[in-house]
Amino acid sequence: QAGGTSLRLNDPLPAGHRVSEFKITPNSQRVVYLADPSFTNRFTLFSVSITVGPVDQLSPTAGFQLTTTEFQIGPDSTFVVYERHDQAFEALDRVPVDGGTPIILTRGGGSGRFVYDWQLSPNGQTVVYRANNEPFIDEIHLYRVPSAGGTRTLLCDPHVFGGDVLAFQFSSDSTRVVYWGNLSTIGLNELYSVPAAGGARVKLSGPLIPAGDVFSFAVIGSTEVAYRADQLQDEMVELFRVPIAGGTATRVNHSLAPGTDVSWFEFDSAYSVPSIAYRVDVPGGTSELHGYVQYAPGYEEQYRIDRPAGVLGDVRDFQLTSDSSQVVFRADCVDDEFLDVYAAPLVLEKAPILLSQSSEFGRMSTFTYSIGPAADWVAYGARVPDQHWLYGFGLGSVSTDGSQHHVHDPFFPFESSYLPGSIVPCPDPTRAVGMVYDTSTFDPVIVTALFGSSGNLVALAGPPEHVQ
């Protein structure tokens, strides 16, 4: 966005008070935010037009024993659901986005009864939350309530005494809720699916060995669920996929050697062709990056992604681009002392492309990276390992096909005053924005680098801007 005069949207706050969080409505008309105008760190929810106007208060005025903690905006931009805490109870309320009388959706009791976490469904019609099962406060169960108000429904029946729900997630079409917990056997975590409106649940995880467990899961769109479990062999965590309404679980990963685990996975968000990238931790402390694609039922491939010129290294982390066409990852594929950034296709077995570049001080090791919203540019931060990191911080921007680079030498203007932080790419590839930290106060500071057509550093756009 072009620069211009900034406008304060919130009402003035006393010294030492702050806006802790804000969100823009889906229609881009209003900003909803939490602030503590009365008591430090005791928050009230407000709403204001994005073009500036009167501020509307949405939740009760915070006090010593009352605060608003979390909120979600409805997909139609007309309402907000928020969580408030009082000494005697916790509640989920719904209120019009421009203010009005709140509707109490659910209220927990006192004496240790809590709402632990909650989600508004993608279509905005249902709120699902984890809370203590009154009067058995040591059990954490799963409930749903219409977002417009109404009767709550227990979603995790049947359950053994002492059983807990550990996590849950909606399907993208809001029709089902997938949850993870020890509802059938204490100490055995399994995966379940239930209609979001309530009804009979189904168990998704396949039969587990006696010492087996489900460790994590993710809902893929509205059709499938992927999960990690030592389902077939004790202490060998593998990756499986299963239809969201129940069915046979299929192993995704290749055959693993003893002592090897699947530690992390990401999937194609469109999922028109089922495809998943996953990291495998192998004995010796190194990690590999693999891919899986199913072109048609019974026709699938598993392949190694991190193969730059046949040299193998340790994959530290990875991300998929927004269109899921590329996997961007950091790995020390060439030298143990240097972490480079690479890109490779998700569904095509092809050697990765090296994205990060050297500076005039020599090779630099990347410590952070971020993918642009259009999936065609990656920004990264790097430093020279054999120098003190204060003096070797640099910003770079590179296209995901590796054809265009914009990289500059370490931040010599900030050598003694700033520590490196995060990095954000801009839609304009000649810009990159870095977050650094003032060494005297440790406050976050934003700096912007401008690159010329040849990739050299042209200027730092203005003085560092301290983040309020």
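These are my notebook entries on two sheets, one loop residue and the nonpolar cores of a predicted model.

**Entry: the sheet with strands 5 to 8**

I began with an open sheet of 4 strands, in the order 5-6-7-8, and found the pairing to be antiparallel. I then looked for its edges: strand 5 and strand 8 (103-107) each have a single partner strand, so one side of each has no neighbour in the sheet. On average, and ignoring direction, neighbouring strands here are turned by 25 degrees against each other. Further in, I followed strand 6 (residues 79-86) and strand 7 (residues 90-96), which run antiparallel and are joined by 7 bridges. For a handy landmark, I noted His85, which stands opposite Glu90 in strand 7.

**Entry: the sheet with strands 13 to 16**

Next I turned to an open sheet of 4 strands with the order 13-14-15-16, again with antiparallel pairing. Its edges are strand 13 (165-170) and strand 16 (202-203); each has a single partner strand, so one side of each is left without a neighbour in the sheet. I checked how strand 16 is held: strand 15 (residues 188-195) pairs with strand 16 in the antiparallel sense over 2 bridges. Here I marked Tyr192, with Lys203 of strand 16 opposite.

**Entry: Thr61**

Where does Thr61 sit? I found Thr61 in the loop between strand 4 (56-57) and strand 5 (66-73). Its relative accessibility is 47%, and because exposed means over 50%, I logged Thr61 as partly exposed. Setting aside neighbours within four places in sequence, I listed Ser38, Thr44 and Leu66 as the contacts of Thr61. I also noted a polar contact of 2.9 Å between the side chains of Thr61 and Gln57. Arg42 is 19 residues away from Thr61 in sequence, and their C-alpha atoms are 9.1 Å apart.

**Entry: the nonpolar cores**

Last, I opened the largest nonpolar core, which has 15 residues. The members that touch the most others are Ala277, Leu289, Ile305, Phe318, Val327, Phe329 and Ala331. I traced which elements give two or more residues to this core: strand 23 (286-296), strand 25 (315-320), strand 26 (326-331) and strand 27 (340-345).

I picked Phe318 for a closer look. Not counting residues up to four places away in sequence, Phe318 touches several residues, including Trp264, Glu266, Ala277, Arg279, Leu289, Val327, Phe329 and Tyr369. Phe265 is also one of the residues that Phe318 touches. Apart from the largest core lies another, of 14 residues, and I found Phe265 in it, along with Ala218, Leu256 and Ile276 among others.

Terms used: Residues numbered from 1 in each chain as written. Predicted model: local features only at pLDDT ≥ 70, side-chain atom pairs only at ≥ 80, totals over all residues. Heavy atoms only, no water. Core = buried A, V, L, I, M, F, W, Y, C linked by side-chain atoms within 4.5 Å. Buried < 20%, exposed > 50% of the residue type's maximum accessible area, 1.4 Å probe, protein only. Contact = heavy atoms within 4.5 Å. Polar contact = N/O pair within 3.5 Å; in protein donor to acceptor, adjacent residues only side chain to side chain. Pairing = 2+ DSSP bridges. Axes fitted to C-alpha atoms, helices over the stretch in contact; angles between N-to-C directions.
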